[in-house]
Structures are given as C-alpha cells and as structure tokens.
Amino acid sequence: MSAGAMAQRKLPPTVELPKISLKGASCHGWLEKQNRSQKIKKYSRRFFVLRGSHLTMYKKAGNVGINQDLKKWITCTEFDVTGAQVFSGPDDDPKRLFKFTINAKTEGFVLNAEDSATRDKWINALSEASKGGSGEKVHVLKV
C-alpha cells in the first residue's frame with residue numbers, strides 16, 4: 001500500500017455517538033488510543049472530550065446488540081492536562097500516520113487521529129488546555 005493510500009485511511013465509521021454532554025467542551029471526537037500494556041502495539045477506539053484542562057476518555061460498556069439499553073458509555077480515564085507536553089509522533093508505525101503524544105503529570109497516551117487536520121486540532125486544543133489555571137508556559141514539541 002502506498003503512503004498516499006495509507007494517508008487516506010479513515011477510522012471505522014461512527015455507529016453511535018456517546019449520549020454525554022458536550023457542553024463546555026473545547027474539543028471532542030473519536031481517536032485511537034495505543035494500549036500500553038502489550039508488546040505488540042494495538043489500538044482501541046475511544047471517544048475523547050476536553051473540557052478546560054480535563055481530558056476524559058469514554059468507552060462503550062456492554063454488548064452491542066438490538067437492545068439499545070445495553071449501549072452505555074463509561075468513563076475510562078479522566079485526567080488533568082495542566083503542564084502537559086503535547087507533540088506530534090512518534091512516527092514508528094506506517095499504518096498510523098497521524099499520531100500524537102500527551103505526557104501529563106499522572107498519565108501519558110499515544111493517540112492516533114483519522115487525518116492530519118484532526119491531529120492538529122487536538123494538539124492545538126491540548127496545548128492550550130495545558131496552560132490550565134496555573135499560568136504555566138505551554139510545552140509544545142514538534143518531532
């Protein structure tokens with residue numbers, strides 16, 4: 001597969017958006033999160049919401065089926081990105097061309113967006129949020 005064809009690769013279509021409030025969110029949407037605990041890099045599709053300096057990751061709980069009541073969303077992780085470093089990359093996977101990394105005080109994630117515009121939107125929003133209420137200088141690194 002050519003680099004151009006891989007660049008056009010899209011995340012699977014969204015079947016249902018979480019029924020969560022997006023009020024006050026500066027950024028939200030689907031991203032792929034790299035699982036940290038495995039030697040082989042695997043990715044899980046998660047819905048992220050950034051409100052102020054708090055980033056929340058949601059996943060679906062229960063079985064996907066005809067019964068809509070089984071489609072519930074639970075919070076996987078919520079953490080403060082104040083003072084976080086946000087940067088593009090790492091560029092170590094030719095199948096995921098739009099990765100970026102968040103290194104916060106308590107958490108760190110490697111995420112992949114569906115395209116460069118979405119990645120840049122998240123990097124900008126997270127960089128702005130990393131200023132938090134502390135007035136700390138934002139740490140934006142390009143690699």
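Q: Let's start at Arg119: which residue's side chain does its own side chain meet in a salt bridge?
A: Keep in mind that this is a predicted model. A salt bridge needs a Lys or Arg nitrogen within 4 Å of an Asp or Glu carboxyl oxygen, and the N to O distance for this pair is 3.3 Å. The partner of Arg119 is therefore an acidic side chain that meets this cut-off, namely Asp120.

Q: Is Asp120 buried, partly exposed or exposed?
A: The buried class ends at 20% relative accessible area, and the exposed class begins over 50%. Its partner Arg119 has 14% and is therefore buried. Asp120 has 31% relative accessibility, so its class is partly exposed.

Q: How many salt bridges does the structure hold?
A: The Asp120 and Arg119 pair is one of them. Asp92 and Lys99 form another, and Arg96 with Glu32 is a further case. Altogether, the number of salt bridges is five.

Q: How far apart are the closest N and O atoms in the salt bridge of Asp92 with Lys99?
A: The two ends of this bridge differ in cover: Asp92 is partly exposed because its relative accessibility is 40%, whereas Lys99 is buried because its value is 1%. The pair has to satisfy the 4 Å limit. For Asp92 and Lys99, the closest N and O atoms are separated by 2.3 Å.

Q: Which residue in strand S1 pairs with Arg96 across distant parts of the chain?
A: The side chain of Arg96 takes part in a salt bridge with an N to O distance of 3.1 Å. Arg96 lies in the loop between strand S5 (85-88) and strand S6 (99-103), while its partner sits in S1 (residues 25-34), 64 residues apart from it. The two side chains also make a polar contact at 3.1 Å. That partner is Glu32.

Q: At what relative accessibility does Arg96 count as buried?
A: The loop between S5 and S6 holds Arg96, and both this residue and Glu32 are buried. The buried class requires a value under 20%. Arg96 meets that requirement because its relative accessibility is 16%.

Q: Which residue is linked with Glu32 and Arg96 in a network of salt bridges?
A: Glu32 and Arg96 already share a salt bridge of their own. A third residue joins them in the network. It is Asp93.

Q: Which residue is the bridge partner of Ser88 in S6?
A: S5 and S6 run antiparallel and are joined by four bridges. S6 is mostly covered, with four of its five residues buried. Within S6, the partner of Ser88 is Phe100.

Q: Which residue in S7 is the bridge partner of Lys99?
A: S6 also pairs with strand S7 (residues 108-112) in the antiparallel sense, over five bridges. A hairpin of four residues joins S6 to S7. Lys99, which also forms the salt bridge with Asp92, has as its S7 partner Asn112.

Q: How many helices and strands make up the secondary structure of the chain?
A: From the N terminus on, the elements run α-β-β-β-β-β-β-β-α-β. Counting the α and β entries gives the secondary structure as two helices and eight strands.

Q: What share of the chain's residues count as buried?
A: The chain exposes about 8300 Å², of which carbon and sulfur atoms supply 53%. Among contacts between residues at least 6 apart in sequence, 51% join residues at least 24 apart. Of the 143 residues, the share that counts as buried is 42%.

Key. Residues are numbered from 1 along each chain as its sequence is written. This is a predicted model: local features need pLDDT of at least 70, side-chain atom pairs count only at pLDDT 80 or more; totals for chains, interfaces and linings use all residues. Side-chain values use heavy atoms; hydrogens and water are left out. Buried means under 20% relative accessible area, exposed over 50%, partly exposed in between (1.4 Å probe, protein chains only). A polar contact is a pair of N or O atoms within 3.5 Å; within protein, one must be able to donate a hydrogen and the other to accept it, and residues adjacent in sequence count only if both atoms are side-chain atoms. Contact means heavy atoms within 4.5 Å. Accessible areas come from the Shrake-Rupley method with a 1.4 Å probe; for residues, only the protein chains shown count as cover. Two strands pair if DSSP finds at least two bridges between them.
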